Structure formats: structure tokens, C-alpha cells
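Work through the exercises below with the sequence and the coordinates at hand. Each task is followed by a solution in steps.

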Amino acid sequence: MNSRVHVAVRVRPPKSSAADTDPPVVHCHDRSRVAVTVPSPVMSSPPSSANSSLARPRTPPVSAWGSDASLSPSPGVGSALGSTNSLAGSAAMATQTLEFEFDTVFGPDAVQNDVYEQTVAPLVDAFTNGFNATVFAYGQTASGKSYTMGTATLPREVEQQGIIPRALRAIFDTVSDDAMAVKAKLSLVEIYNEDIIDLLVPPSTTTSPSSSPGGSAARSGLTLREDPSGNVFVLGATERTVTSAAECLAFLHQGLANRTTGATSMNPHSSRSHAILTLALTQHRAPHTTLASKFHFVDLAGSERLKRSRAEGGRRREGIAINQGLLVLGQVISALAARAANPTSSPQPHVPYRDAKLCRLLQPALGGNSRTVMVACVSGDKADVGETVNALRYASRARAIKNKCCVNVQASAGAVDEARVAQLVSENERLRALIAAMQAERALAVENVPVVEVNTQERDAQRRQDLNAFYAQCTALMGRTAALRSKLCAMSGGEARPALAQTAWA
Ligand SMILES: Nc1ncnc2c1ncn2[C@@H]1O[C@H](COP(=O)(O)OP(=O)(O)OP(=O)(O)O)[C@@H](O)[C@H]1O
């Protein structure tokens, strides 16, 4: 079954400092369209139509939009609806409006439950029916990814809780009726500076796979592997057996306390790593059928302009690694979008999954066997408009990606035994048939023995007949010889000698 990546956009409410001074630059027209007002310094060219295929703003004047509101040119794909230009008072304030269309758009007033119900609730249904599922939040730092995913400190008020707690509750509500037949395992890792770290192992455990050949749980340096079905997994990551949403959340928050976070000038609790929570569900369904599906919840580190975050030293290195991973993710998305746009072109664009661990881990989610939702989180603030437009372009491209999803059915141990028994029965039947055929052949050979004897008698009789004919000829010749000899004696006056030969042949 083909399934397009579902892309939702969520616009964060303005920061209180910005709300009073600047009018919003991001407008949610309806449940699927969003418009962004950007500076447009050059008004000589005619405005493009509102439905032109692509919005291409020019580089704006920095002074009018804050210190770093640059807009990089679009690479040329996506579902941006178009752009319109207008003069707002003076040439310096000329603006351009870029419009984008998505599967779902949530404005600043959207509540957590709406976001969950309209994006991830359908994935939960698919997951409990054996499909793999992935939800990931993308956006610049402080745009609300952790808030949306629910990986920030778990709020007391249920209404404030994000996607993960809601999804976990819905999953266990669905499967807990049949607890005996369901097994769930949870793992939680982060990718930090291209290192995979097990967040369910306490930080005091400093071992890595290379330093712990004896096998104590490794915390960092974990590697990725691919199973025969094409699913990529973290080798050696701790898996906790879980039986309820509450248990999952306890592990989640215990693990998130180990996550790498830090203060930047843009977010005092900025996530400096990509966190991936995986719930693996195994459901035994009669007869001998097991559904085995995985749900990945991914909270990406925020894309950030290093100049704006004013990061230095280690924080700067983190920022470079984060941006590098997200850059490769963008390249993966672009290549997949290009493939989807032109599926028969040859050769197909290379998809650089292996250039970043994040992309390798998300490979099934992007172009593989998974139902996938991307939530692009953007800021509505004027100072962030450059990053907002870039995030919307990034998300537009992801909308084109098509995945191939199937229910993950495994043959259970019983089914394997049954297949083996069936194989042995058939082998047994084949051997029995072979033996029966050989016995029949032997019986036929035995039956044919008298026929052979008849033939022998005939042959002997023939021989006897031939022999008798020969005797007769011999007898006739000996009789003639004797007659000739008598005639010869009579002619010479002597006595005839007895016909010895004739006596001998009698
Ligand atoms: N929709 C929202 N409603 C209310 N508050 C929000 C919303 N989105 C974000 N916030 C608040 O904005 C702040 C930053 O959000 P959050 O930490 O989720 O950003 P982030 O994108 O995860 O950042 P980073 O990438 O740096 O980790 C938090 O205090 C969060 O509570």
C-alpha cells in the first residue's frame, strides 16, 4: 500500500516580548494553508500569480527584518502555492507573501489534543494493526518541537501533554484487552554529535562497545544494523518490557533526564541531540500469526543559525553536528521528492541515507515501510521569518515522499512447526510412492519370468527341431554312402561291409 508522508505545520504562539511590538508574519488561512509575509526589496518585477508553482523570494534587506532574517533561494520543488507582492507604506517596507499548502495547519491557538487527533491518532490505529509508524517534529530551535512531541518535562495538566503521552495511552487502551497475547518493548536513544547513546543506561556507565568486550551494557558508541525485512535498528540498545502507558512514561522521563540539553541564547532548555523513542509491539493472533510493528517517536534537535544562537566552543560544535544531520535529512527528502515526481527517470537520484545516522535510522520512515507524519514547528515571530520560510520549504518537499507500507506478519513458532510437519508428511508420501513404484516394477518382472521361460522352450524346441533336421540329413547321407559302397563291392566281387555310421546315429 502506497502512503504519502503526512505533513502538518504548527505555528508557535509569539514570545511575549515579540507579541506586543510586531504584527504576526505567519497567517493560517484555513486548516491546510499558511502564508508568510517576507520582505521584498525589489518591486520592479511584476508580482507572480497567487498560484504560481513556486515561491521564490529575493534576499531581503537585513535591516528591515532583524539581524539574520536571510532567505535562501528555494531549490525548486515543493507545494508552495505562490507569492504576491505589496508595498506597505514605503519601499523599505515592501513585502511579499508566500503561501504554502500542507495536510494540516495548526495556528498559535491550536491545543495539544487537536494536534494529536489530527496527526498521530490515525497512526496509532495503523500501528496496533501491524503497520510501522513514525512521527517526527522538525523546526528551528525554540519553535515548539519538544512541547509538541511531549518530551519536555511532563506537565501535570493532561491538556498540556504532547503527542507521546497521548499516543502511548491510546496504544495501551487498544491492546491491553488481550494482555496475554501482547508484548511491548521500549527503547530510547539519542544521536549526539553522530554518536548513538542509550538513554536507558545511566550516564555513570561510561562503557562503550569497544571498551566493554565482556558485555556490560554499553551507553555510547552503539551501531546501526538492518534486519532481513529492511528495518534499521540500534544494535545493543536497552529494551524494557512495558505493560502500560504509565510504565513507558516513567522510562521516558528517566531516559530524558539523561538527554543532552543546554542553554542557548534562543532556548534555555535547548535539546542538543535527536531523541528517538521506539515502541516495539508483538501481537499473537490465531492461528499461528504474529504482528510485529514498531512506532518511532522522533524529537529532532533544532536547526539553528550559529550566528543567532551565539554558540561558542562545545555548544558551537554541537550546533554544527545538528545542522549537518539536518542538512543530510534535507538532501534525503529532496532526493525522495525528486524520485516521486519522476518515478520512471533513469538513473534515479541517489538518496544519501548513509551520510548521517539520523537518516539511516529514519530510512524506513522516509521512502520505506512506515506510515509517517512530520510536524514542522515554526515560529510566528518576525525575527524568525527566514528560518520559518526555510522550514516550510523543507516540509513542502517532504509532502511528496511516498512510502510503501505493509502489515508486518511474522510466522510464529507453532506455524514454523506446522510447516515442518507438512514438509515431512509430503516427503514421506513421496518416498512411499517411490517404494510402491519400485515394488510394482519388481512384481512385473516376476510376472514376466514365465514369458521368458516360454521363449526359452520355444528356442529349445527350435534348436531341437534344427538338430533333428540335421540328424535326418546326416542319416540320409549315411544311407546314400552305404548304398554306394555296396554297389562298389558288387562291382569289384567283394563282400559289403556293415553300415557302421548308420548304427552310430540311431
Ligand atoms: N504551542 C505552544 N504553546 C505554548 N507554549 C509553547 C508552544 N510551543 C512552544 N512553547 C514553549 O516554547 C518554549 C520552547 O519550546 P520547545 O522547548 O518545545 O522548543 P524546541 O523546538 O524543542 O527547542 P530546541 O530545538 O531548542 O530543543 C517552551 O517553553 C515551550 O513550552
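The exercises concern a predicted model and go from the whole chain to single residues.

**Exercise 1. Overall make-up**

State how many helices and strands the protein has, and what share of its residues is buried.

Solution. Step 1: the secondary structure comprises eleven helices and 20 strands. Step 2: of the 506 residues, 38% are buried. Step 3: for contacts between residues at least 6 apart in sequence, 71% link residues at least 24 apart.

**Exercise 2. A buried strand**

Describe the burial of strand β2 and find the strands it pairs with.

Solution. Step 1: β2 covers residues 6-12, and seven of its seven residues are buried. Step 2: side chains in a regular strand alternate between the two faces of the sheet. Step 3: in β2, His6, Ala8, Arg10 and Arg12 point one way, while Val7, Val9 and Val11 point the other way. Both sets are buried, the two arginines included. Step 4: β2 runs parallel to β18 (residues 371-379), with seven bridges between them; Val7 has Met374 as its bridge partner there. Step 5: β2 is also parallel to β7 (residues 104-106), joined by three bridges, and Val9 stands opposite Val105.

**Exercise 3. A helix pair**

Characterise the packing of α2 against α4.

Solution. Step 1: a packed pair of helices is described by the angle and the distance between the axes. Step 2: for α2 (residues 112-128) and α4 (residues 163-175), the angle is about 35 degrees and the axes are 10 Å apart. Step 3: the crossing of α2 and α4 is right-handed. Step 4: the contact residues of α2 include Val115, Val120, Val124 and Phe127, and those of α4 include Ile163, Arg166, Ala170 and Ile171. Step 5: by class, the contact of α2 with α4 has eleven nonpolar, two polar and one charged residue.

**Exercise 4. The ligand shell**

Which residues come nearest to the ligand, and which element gives the most to the shell?

Solution. Step 1: there are 18 residues around the ligand, and Gly144, Ser146, Ser270, Ser271 and Gly302 come nearest. Step 2: α3 (145-149) and β15 (270-271) each supply at least two residues of the shell. Step 3: α3 gives the most, with three residues. Step 4: the shell divides into ten polar, six nonpolar and two charged residues.

**Exercise 5. Backbone exceptions**

Locate Ala142, Asn193 and the peptide bond from Ser346 to Pro347, and give their backbone angles.

Solution. Step 1: most residues other than glycine have a negative phi, and most peptide bonds are trans. Step 2: Ala142 has a positive phi of about 70 degrees. Ala142 sits in the loop between β8 (133-139) and α3, and it counts as buried because it has 24 C-beta neighbours inside 10 Å. Step 3: Asn193 has a positive phi near 50 degrees and lies in the loop between β9 (182-192) and β10 (195-198). With 16 C-beta neighbours inside 10 Å, Asn193 is therefore partly exposed. Step 4: the bond from Ser346 to Pro347 is cis, with omega near -5 degrees; Pro347 belongs to the loop between α7 (313-341) and α8 (357-361).

**Exercise 6. A residue of the first strand**

Is Asn2 buried or exposed, and which residues does it touch?

Solution. Step 1: Asn2 is in strand β1 (residues 2-4). Step 2: Asn2 counts as exposed because it has 8 C-beta neighbours inside 10 Å. Step 3: leaving aside residues up to four places away in sequence, Asn2 touches Lys402 and Lys404.

Methods
Residues numbered from 1 in each chain as written. Predicted model: local features only at pLDDT ≥ 70, side-chain atom pairs only at ≥ 80, totals over all residues. Axes fitted to C-alpha atoms, helices over the stretch in contact; angles between N-to-C directions. Helix = DSSP H or I, 4+ residues; strand = E, 2+ residues; numbered from the N terminus. Left-handed = near helix turned anticlockwise from the far one by under 90°. Contact = placed C-beta atoms within 7 Å. Nonpolar A, V, L, I, M, F, W, Y, C, P; charged D, E, K, R; others polar. Near = placed C-beta within 6 Å. Buried ≥ 20, exposed ≤ 12 C-beta atoms within 10 Å, placed from the backbone. Pairing = 2+ DSSP bridges.
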